[in-house]
Every structure is written in C-alpha cells, then in structure tokens.
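Work through the exercises below with the sequence and the model side by side. Try each task before reading its solution.

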Amino acid sequence: MNSSFYNILDFGAKGDGKTLNTAAIKKAVEKCSQNGGGEVYIPAGDFLTGTIELYNNIILKISAGAKLIFSNQLKDHKIISQRWEGKVQEVYSPLIYAKDSKNITIKGQGIIDGQGQKWWELFAANKLQYPRPRTISFEKSSNILIADIKIVNSPAWTINPIKSDKITIDNVSIKNPPNSPNTDGINPSSCNNVHISNCHVDVGDDCITIKSGTEKSSELVPCENVTVTNCTMVRGHGGVVIGSEMSGSVRNLTISNCVFKGTDRGIRIKSRRGRGGVVEDIVVSNIVMKGVLSPIIMNLFYYCGEGGKNKFVWDKNPKEFNSKTPVIREIHFNNIRANDVKTRAVFIYGLPESPIEAITFNNISITMADNAQLQTPAMMSNLEAEKQRGVYCNNFRNIDFINFKIKNQVGEKFELINEK
C-alpha cells in the first residue's frame with residue numbers, strides 16, 4: 001500500500017449504498033493522519049456514512065463515479081459545540097468537519113449527497129433537539145481547498161468555514177431544492193483571505209453569504225479579504241449577501257464577473273439595530289442579472305431572527321449611535337446589467353442615526369419586468385408590496401449615480417428621502 005494513499009475499500013468500506021461506512025472511513029482518515037497525511041480515496045460506488053472528521057495534511061478525494069451519501073439517521077451524527085446563526089451552541093456536527101487543522105483538501109469529480117429531505121421535514125415539524133448539520137464546515141483552520149465536487153441536498157448551510165484563513169472554493173456545484181429551508185450555498189463566517197470562483201450555486205436560501213457573527217457571539221472576528229468571481233447563482237433568496245450576522249464587521253470584498261438568474265435579490269446587505277459592526281470597502285463589478293426582485297438591497301431594518309420584529313428594530317425615530325449601531329459605507333457598483341426586475345431597481349434604507357453612506361453606482365442599466373406581481377423588495381416591518389418601481393433611498397449620505405439607466409419603471413425613477 002502506498003504510504004500516502006488510503007483507499008477506503010482497504011479499510012472495509014462497501015459502496016453498495018446500504019452499508020454504513022462511518023467506521024471504515026474513520027480508520028482510513030486516522031491512519032492517514034498518523035502517518036503525517038496523504039490522500040483518503042473514495043472510489044466509484046455509493047458510500048453511506050455518518051460524520052467524517054478530517055485532520056492536518058489530508059486530501060479527501062471523491063473520485064468520478066463516487067457518491068458520498070450521508071446518513072439521515074440522527075444517531076449517526078455527533079453533537080458538537082459550534083457557531084450556528086451567529087452564536088455558539090450545541091449542534092449536529094457538520095457532515096465533513098475539521099477544527100484547529102491546516103492543509104486540508106476536499107476534491108474530485110464525485111458527489112456529496114447530504115440526504116436533507118428528512119432533516120428538512122424534522123425541522124419543519126420542530127422535532128429536532130439541535131440545529132441541523134451543515135455539509136462541510138471548518139473551524140479555526142487554514143489552507144483549505146474545496147474543488148471540483150458536486151454537493152446536493154444539504155441538510156442546512158452547505159459550506160460554512162468559521163474563523164478560518166486562506167480558503168479556496170473553486171469549480172464547486174451546489175444544488176439544493178428551492179423550497180429547502182436555510183440551505184445556503186457558501187457562507188464564510190469571520191474568515192480571512194477567502195477565494196470563491198467558478199462555482200454554480202442553486203439553493204433554497206442565499207447563494208453566497210458573508211458573515212461575522214451576531215451581538216451574541218462571545219468573540220467578534222471580522223470577515224475580510226474575500227473575492228467572489230466567475231460564479232453563477234440560480235434561484236435562492238440572494239445572489240451574494242452580507243449579513244445579517246455582521247457584528248464582527250465585513251471589509252474588503254470584491255464580487256466580479258458573475259451571473260444571477262432568478263435569485264430573489266441580487267446583491268443584498270442586511271442588518272439591524274443592536275447588531276453593531278461595519279460593512280465597508282466593497283466593490284461589485286461586471287454582473288448580469290435576470291428575473292430578480294431587486295438587483296441591489298441595503299437594509300438596516302432587517303426583521304428576521306430573534307427580536308427582529310421588536311419596536312427597537314422597526315422604529316423609524318433616531319436612537320443613540322453607539323457600538324451596537326450597524327454601519328454600511330463605501331460600497332461601489334460598476335458595470336451591472338439587470339433585466340426583468342420585479343420590485344425595485346435599487347432599495348436602500350439606512351437608520352436615521354446611521355445613514356448608509358459613500359455609495360457609487362457607475363454604468364448601471366436596469367429594465368423592469370412587464371408583468372411583475374406585487375412583492376416587498378426587502379425584509380423589514382411595515383413595508384408595502386410594490387412592483388416595477390425605480391430607486392428608493394432613505395436615510396443616506398453621499399450616493400452618486402453615474403450613467404445610471406432605468407427602463408420601464410412605474411412612477412418616479414428616483415425617490416430620495418432623508419438625505420443627511
């Protein structure tokens with residue numbers, strides 16, 4: 001046996017789609033780790049398994065013709081303590097997981113199937129004691145590569161690195177049903193130096209979301225130095241989203257050369273009072289969208305989650321500006337084309353005590369849909385449904401529109417309210 005190559009068949013795995021291979025895969029991973037690292041090889045076949053934990057210097061190779069099928073039996077999955085939706089809590093372990101590790105790769109032309117249907121049903125019936133597992137998550141790890149694989153039916157978020165550094169996600173295809181709850185595609189949280197490229201994401205929630213924890217996080221770590229390029233986003237609630245978990249701040253993000261088709265929103269930045277954090281220095285360029293509700297949303301009255309519909313959140317009267325006040329500034333949009341837009345060309349709603357500021361739109365062309373239905377452009381309280389409207393800005397400062405074109409809108413092209 002090659003001392004750096006570990007075929008799971010040699011450790012007793014069976015690719016019949018019925019045998020539970022958790023123990024066999026664990027033996028292969030541990031032997032690989034004990035020998036300093038190498039490749040754990042999943043050959044062609046259907047391999048049913050529970051939780052897989054990886055360690056330093058391991059390549060998990062899922063070959064062409066291989067399908068890694070994760071058990072939908074709750075007993076086959078560990079319970080760990082990990083950040084979920086912004087705070088640390090007891091959760092079902094991610095299906096593939098590592099902590100305090102480095103130099104890990106997951107690659108190959110094979111398929112990872114999270115078998116999410118049962119998890120979604122248990123979640124809808126409120127029959128889960130712990131939050132559902134994500135498909136892949138790394139925590140406090142570095143030098144991570146996820147490449148070329150296809151992931152389907154994630155029980156919850158699909159790829160979720162946390163407090164990690166130097167992450168590359170390339171040529172990954174993610175497909176979760178459009179009605180599957182909280183099955184986001186790629187969610188780096190409090191990570192640095194993240195590169196997401198050449199991916200196709202078709203999911204039941206946001207396609208790519210940049211996060212940094214909530215006000216309930218014990219440790220606030222920013223998400224910084226992130227690139228998203230050459231990706232296609234299909235359906236989903238948002239194409240590329242920042243927040244609403246942004247208490248640790250999000251900085252230095254570029255989104256370029258992407259196509260969004262049928263996502264509810266295109267670029268979406270969301271937060272609310274009490275959450276704190278700064279979103280700044282974001283550049284979005286060379287984007288084509290079709291069939292979105294609104295291409296660009298920036299909303300500081302976001303109401304989803306615990307306490308989101310309290311008066312403190314939705315009250316339009318100014319509050320004290322302090323460390324719990326969220327800030328959005330220095331966001332720049334260039335060369336964007338959006339067709340068949342349903343609600344608003346642009347929707348920006350800052351706080352009276354924290355106006356959204358220093359925003360530029362350059363070379364933007366937006367065409368509203370002919371037969372749109374009434375819908376709300378953003379998720380906030382007391383917002384009426386509308387369709388085919390132009391730009392709406394409320395509580396803002398220093399927003400520039402350069403070569404900005406809107407076609408087929410109903411009413412005024414620009415509604416600019418409460419400029420500070």
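Helices (H or I, at least four residues) and strands (E, at least two) are DSSP runs, numbered from the N terminus. The model is predicted, so local features need pLDDT of at least 70 and side-chain atom pairs count only at pLDDT 80 or more, while totals for chains, interfaces and linings use all residues. Residues are numbered from 1 along each chain as its sequence is written, and side-chain values use heavy atoms, with hydrogens and water left out.

**Exercise 1.** Locate S244 and describe the peptide bond that leads into it from G243.

*Solution.* Begin with the strands on either side: S244 sits in the loop that runs between β23 (238–243) and β24 (250–261). Then inspect the bond from G243 to S244, which is cis, with omega near 0 degrees. As background, most peptide bonds are trans, and most residues other than glycine have a negative phi.

**Exercise 2.** Find where N171 and N252 lie, and give the phi and the exposure of each.

*Solution.* First take N171, which is in the loop between β16 (165–170) and β17 (173–175); its phi is positive, near 55 degrees, although the residue is not glycine. Next take N252, placed in strand β24, where phi is also positive at about 60 degrees in a residue that is not a glycine. For exposure, the cut-offs are under 20% relative accessible area for buried and over 50% for exposed, with partly exposed in between (1.4 Å probe, protein chains only). N171 counts as partly exposed because its relative accessibility is 38%, and N252 is partly exposed because its relative accessible area is 33%.

**Exercise 3.** In what order do the three strands of the open sheet with β5, β10 and β13 lie, and which are the edge strands?

*Solution.* Two strands count as paired if DSSP finds at least two bridges between them. The order is β5-β10-β13, with parallel pairing. The edge strands, each pairing on one side only, are β5 (52–53) and β13 (136–139). Now follow one pairing in detail: β5 and β10 (residues 96–99) run parallel and are joined by two bridges, and E53 has Y97 of β10 as its bridge partner.

**Exercise 4.** Place E30 in its helix, state its exposure, and relate it to V40.

*Solution.* E30 belongs to helix α1 (residues 22–34). E30 counts as partly exposed because its relative accessibility is 29%. Finally, E30 and V40 are 10 residues apart in sequence, and their C-alpha atoms are 9.8 Å apart in space.
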